[in-house]
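User: I would like to learn how to read individual features of a structural model. Could we take them one at a time, with the general idea before each case?

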Amino acid sequence: MKRDTTFWAPKHASKTHPDAQEMEAAAHSDTVLPKGHHKRLMESLKETDQLALLKRFTLDFHADPDLARLSEEEAQFFYERGFLPEKARLYGLNRDNIDSYLSDVQRWLTRLVNGSYSIVFNNKILFDQVFGQYCNVPRTVAVCRQGRVIPHTDLWLQIARGESEPRMLVAKPLGGGGGGSVYFIRIDKRHAVVETNDAINPRFSLRSDALSELFTSQRVPFIINEYVQQGEFSRRLYPLTVNTVRVLIMRDVQSGEPYIVRAVLRVGNSESYPIDNFSLGGLSIEIDLETGKLGNAVAAAGRFSGQVWHAHPDTGETLTGASIPNWQEHKYKLKALFSKLPYLKYCGFDLILRDHDFVVLEGNSYSQVRLFQMHEPLLDDATYRRFLLAEGLAA
């Protein structure tokens, strides 16, 4: 197997001056994680739910195409510390910097943090009913399950009868996430044009009264929502996808107050179309939490990966240095929302930015972290480390 040289030498120089690093460590000595802490955590996993996640990690580790890029020694090193092989390439992991990154096993273990309350994230109907009391969420039109359509409003009946005004709908699996099997439906009188991320049949048309058959034939339940129009700022960057902000938020173990750990703006492109999904080639752009100013953009897959982008590769719109309008107000509203749900400790929110507010598209009980850590490692944040230690997710 070919040796990945990033294992032996750092890929990225630290952005913090050595003296500043020492001061930071001294100031937060109660949260400093010892060298090799990932391996210690892996060796400590003994509970049934922990072992189930470890089994899944093992299967994914051996199925990762990047495994072929590693030597046996490198593969063993990353496995023993809970990192999938792809992270060597995406993060530039090596012996010197690995302790600063949240591992894949740690990320999966975060799904246990909210306990039984994770169900509000895992089921989109519950998410709509719970969060819809406190914030704007996409309006549910219908749910398709067990071979039938259950209308939630009269709108679906109008569509089925060919009586609806022209409009857009979005359909996606009722449970889980990942951006797969998403349908964008444009209703025009008695016909519908459907676009999806299915490589075999990405665009097709059918009569609107046949939409029910499209979803009742699916093997998994689907939820159908009204399409949310994004604001001018997001639309200008790339108008062919709805571009979303992913915010990682948690409850500070000392103050009990909401704490925003990291935020990125996901922007679609010709690789990820018709969605902004990062795993399918969409861009992740770091957001300065204090100012709302955009940093550099990266992609994890597709032809735009392996580079740092300062302007959008398709539209040419400036990314680095652009500022999200009303960012301070968005932060305040998101923290206020999290405060109204005191039984939740940890969440990754997806937000659709409009001109003066936002819509909460969904929440994730164990948010994907690649789109954050390709910019900066999460364990550099002392408040986040303290949270992991309190929850038993760090050794």
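User: Is N326 buried, partly exposed or exposed, and what is the relative accessibility behind that reading?

Analyst: The model is predicted, and the reading rests on relative accessible area, where buried means under 20% and exposed means over 50%. At 31% relative accessibility, N326 therefore counts as partly exposed. N326 is placed in the loop between β11 (294-299) and α12 (327-339).

User: What is notable about the phi of N326?

Analyst: Most residues other than glycine have a negative phi. N326 is not a glycine, yet its phi is positive, at about 60 degrees. Q146 also departs from the general pattern, with a positive phi of about 50 degrees although it is not a glycine.

User: Where is Q146 placed, and is Q146 buried or exposed?

Analyst: Q146 is in the loop between β1 (140-145) and β2 (148-151). Its relative accessibility is 78%, so Q146 counts as exposed.

User: Turning to peptide bonds, is the one from Y273 to P274 cis or trans?

Analyst: As a general rule, most peptide bonds are trans. The bond from Y273 to P274 is cis, with omega near 15 degrees. P274 belongs to the loop between β9 (258-267) and β10 (283-287).

User: How should I read the packing of two helices, and at what angle do α3 and α4 pack?

Analyst: One reads the angle and the axis separation together, and then the direction. Helix α3 (residues 48-63) and helix α4 (residues 72-80) pack at an angle of about 155 degrees, with their axes 11 Å apart. Angles over 145 degrees count as roughly antiparallel, and α3 and α4 are therefore roughly antiparallel to each other. Their crossing is right-handed.

User: Which residues make the contact of α3 with α4, and how do they divide into nonpolar, polar and charged?

Analyst: From α3 the contact involves F57, T58 and F61, and from α4 it involves A75, F78 and Y79. These residues of the contact divide into 5 nonpolar and 1 polar, with no charged residue.

User: How does one judge the surroundings of a whole helix, and how many residues of α8 are buried?

Analyst: One considers the burial of its residues. In helix α8 (residues 124-131), 6 of the 8 residues are buried, so α8 is largely enclosed by the rest of the structure. The buried residues are K124, I125, F127, D128, V130 and F131.

User: Which residue caps the N-terminal end of α8?

Analyst: N123 provides the cap: one of its side-chain oxygens lies 2.9 Å from the backbone nitrogen of I125.

User: What does F131 of α8 touch, apart from residues up to four places away in sequence?

Analyst: With those residues set aside, F131 touches V120, F121, V137, L337, L341, L344 and F349. F131 is buried, with a relative accessible area of 0%. For one of these partners, V120, the separation from F131 is 11 residues in sequence and 8.7 Å in space, C-alpha to C-alpha.

User: How is a buried polar side chain read, and which side chain does Q373 join through a polar contact?

Analyst: Accessibility and partners are read together. Q373, in helix α13 (residues 370-373), is buried, with a relative accessible area of 1%. Its side chain is joined to that of Y91 by a polar contact of 3.2 Å. Beyond residues up to four places away in sequence, Q373 touches Y91, S100, Y101, L102 and L378.

User: How do sequence and spatial separation compare, for instance, what distance separates the C-alpha atoms of E257 and F338?

Analyst: The two separations are read side by side. E257 and F338 are 81 residues apart in sequence and 8.9 Å apart in space, C-alpha to C-alpha. I260 and L214 are 46 residues apart along the chain, and their C-alpha atoms are separated by 40 Å.

User: Which contacts does I260 make outside its neighbours within four places in sequence?

Analyst: I260 lies in strand β9 and is buried, with a relative accessible area of 9%. Outside those neighbours, I260 is in contact with V247, L248, I249, L289, K331 and K335. E257 is found in the loop between β8 (244-251) and β9, and at 48% relative accessibility E257 counts as partly exposed.

Conventions. Residues are numbered from 1 along each chain as its sequence is written. This is a predicted model: local features need pLDDT of at least 70, side-chain atom pairs count only at pLDDT 80 or more; totals for chains, interfaces and linings use all residues. Side-chain values use heavy atoms; hydrogens and water are left out. Axes are lines fitted to C-alpha atoms, for helices over the stretch in contact, and angles run from 0 to 180 degrees between N-to-C directions. Helices (H or I, at least four residues) and strands (E, at least two) are DSSP runs, numbered from the N terminus. Angles under 35 degrees count as roughly parallel, over 145 as roughly antiparallel, 65 to 115 as roughly perpendicular and the rest as oblique. A crossing is left-handed if the near helix is turned anticlockwise from the far one by less than a right angle, and right-handed if clockwise. Contact means heavy atoms within 4.5 Å. Ala, Val, Leu, Ile, Met, Phe, Trp, Tyr, Cys and Pro count as nonpolar, Asp, Glu, Lys and Arg as charged, and the others, Gly among them, as polar. Buried means under 20% relative accessible area, exposed over 50%, partly exposed in between (1.4 Å probe, protein chains only). A polar contact is a pair of N or O atoms within 3.5 Å; within protein, one must be able to donate a hydrogen and the other to accept it, and residues adjacent in sequence count only if both atoms are side-chain atoms.
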